[in-house]
Amino acid sequence: MAKGLNHMVDLLELQKRFILAHLCPGDVAVDCTMGNGNDTAFLSQTVGPTGRVYAFDIQEAAVASTCAHLQAVGCPENYTLIHASHHLIKEYVHEAPKAVMFNLGYLPGSGKKQVTTMRETTMEAVFGAVELLANDGILLVAVYPGHEEGRLEGEMLKEYFATLDRRLICCSCFQIVNSPTSPYFFIVEKK
Ligand SMILES: C[S@@+](CC[C@H](N)C(=O)[O-])C[C@H]1O[C@@H](n2cnc3c(N)ncnc32)[C@H](O)[C@@H]1O
C-alpha cells in the first residue's frame with residue numbers, strides 16, 4: 001500500500017457509490033434531512049439541470065444554510081427547498097424519485113442537539129418514501145446510534161425493513177461491527 005493512502009471503509013464514500021448506481025442525470029431525488037445541504041448538493045449535481053431535487057428540513061437555519069451552500073458550490077437551479085417535516089413527503093412530492101436520502105440526527109454545528117429526528121415522524125416519512133420510490137430506485141437512511149433516539153430509530157427501521165417483501169425490494173445494512181456507536185446506514189432497493 002502506498003504511504004499515506006487509507007483503504008479502510010469510508011461510509012460516506014460508500015453511500016455515494018450506492019446512490020450513483022441508481023441515480024442519473026434527469027432523474028428526481030429527495031433529501032429528507034437537508035441540514036447544511038451536503039447531500040442536497042450531491043443529489044443536485046448528480047441529476048443535473050434536467051433533473052429535480054426536493055429537500056426537507058424543519059429548521060429555517062438548515063434551509064438558509066443549504067440555500068447558501070448550493071449557490072456557493074454552483075449547483076444547477078434544479079432544487080425545491082421545503083421548510084416542513086419529511087413525514088409530509090407525499091403532500092409535496094408528486095413524482096417517483098430514483099433516490100431518497102435520510103441523514104438522521106441533529107443539525108451539525110447548530111448547537112441545537114435537541115432538534116433531532118424522532119422515531120414517529122421518521123417512520124412515517126420512511127413509509128411514504130418506500131411507497132413513492134420509482135422502480136430501480138434507492139432509499140438510503142443513515143443512522144446515528146451514539147445517542148438514544150438514534151439507537152431506537154435504527155432498531156425500529158431494522159424491524160420494519162425486515163418485513164418488506166424480498167421479491168419486490170431488497171433491504172441491506174452497512175455497519176462497522178467493531179464500532180457499535182458509529183453511524184451506519186440502510187439501503188432499500190426497489191426492483
Ligand atoms: C444530520 S442532519 C442532516 C445533514 C445533511 N444531510 C447534510 O448533508 O448536511 C439532520 C437534519 O434533520 C433535520 N430534521 C429533524 N427532524 C426533521 C423532520 N421531521 N423533517 C425534516 N428534517 C428534520 C434536522 O433539523 C437536521 O438539520
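Me: Which residue with a positive phi follows α3?
Reply: This is a predicted model, so treat the angles as computed ones. Right after α3 the phi turns positive, near 75 degrees. The residue there is Gly 74.

Me: Where are the buried residues of α3 as you look down its axis: on one face or spread around?
Reply: Ala 62, Ser 65, Thr 66 and Leu 70 are the buried ones. Seen down the axis of α3, they fall within an arc of 130 degrees. That means they line one face.

Me: What do those buried residues of α3 pack against?
Reply: The face turned away from the buried side carries exposed residues, among them Glu 60 and Gln 71. On the buried side, the partners are one helix and two strands. They are α2, β2 and β3.

Me: Is Asp 136 buried or exposed?
Reply: Asp 136 is found in the loop between α5 and β5, and its phi is about 65 degrees, positive although Asp 136 is not a glycine. Most residues other than glycine have a negative phi. For burial, count neighbours: 12 or fewer C-beta atoms within 10 Å makes a residue exposed. Asp 136 has 11 inside 10 Å, so it counts as exposed.

Me: Which elements give two or more residues to the shell around the ligand?
Reply: There are 22 residues around the ligand, and Thr 33, Gly 35, Asn 36, Asn 38 and Leu 107 come nearest. The elements giving two or more residues to that shell are α2 (38-47) and β2 (52-57).

Me: How many residues of the shell around the ligand are polar?
Reply: By class, seven are nonpolar and two are charged. The polar ones number 13.

Methods
Residues are numbered from 1 along each chain as its sequence is written. This is a predicted model: local features need pLDDT of at least 70, side-chain atom pairs count only at pLDDT 80 or more; totals for chains, interfaces and linings use all residues. A residue is near a molecule or strand if its C-beta atom, placed from the backbone, lies within 6 Å of it. Helices (H or I, at least four residues) and strands (E, at least two) are DSSP runs, numbered from the N terminus. Ala, Val, Leu, Ile, Met, Phe, Trp, Tyr, Cys and Pro count as nonpolar, Asp, Glu, Lys and Arg as charged, and the others, Gly among them, as polar. A residue is buried if 20 or more other C-beta atoms lie within 10 Å of its own, exposed if 12 or fewer, and partly exposed in between; C-beta atoms are placed from the backbone. The arc is that of the directions from the helix axis to the C-beta atoms. Two residues are in contact if their C-beta atoms, placed from the backbone, lie within 7 Å.
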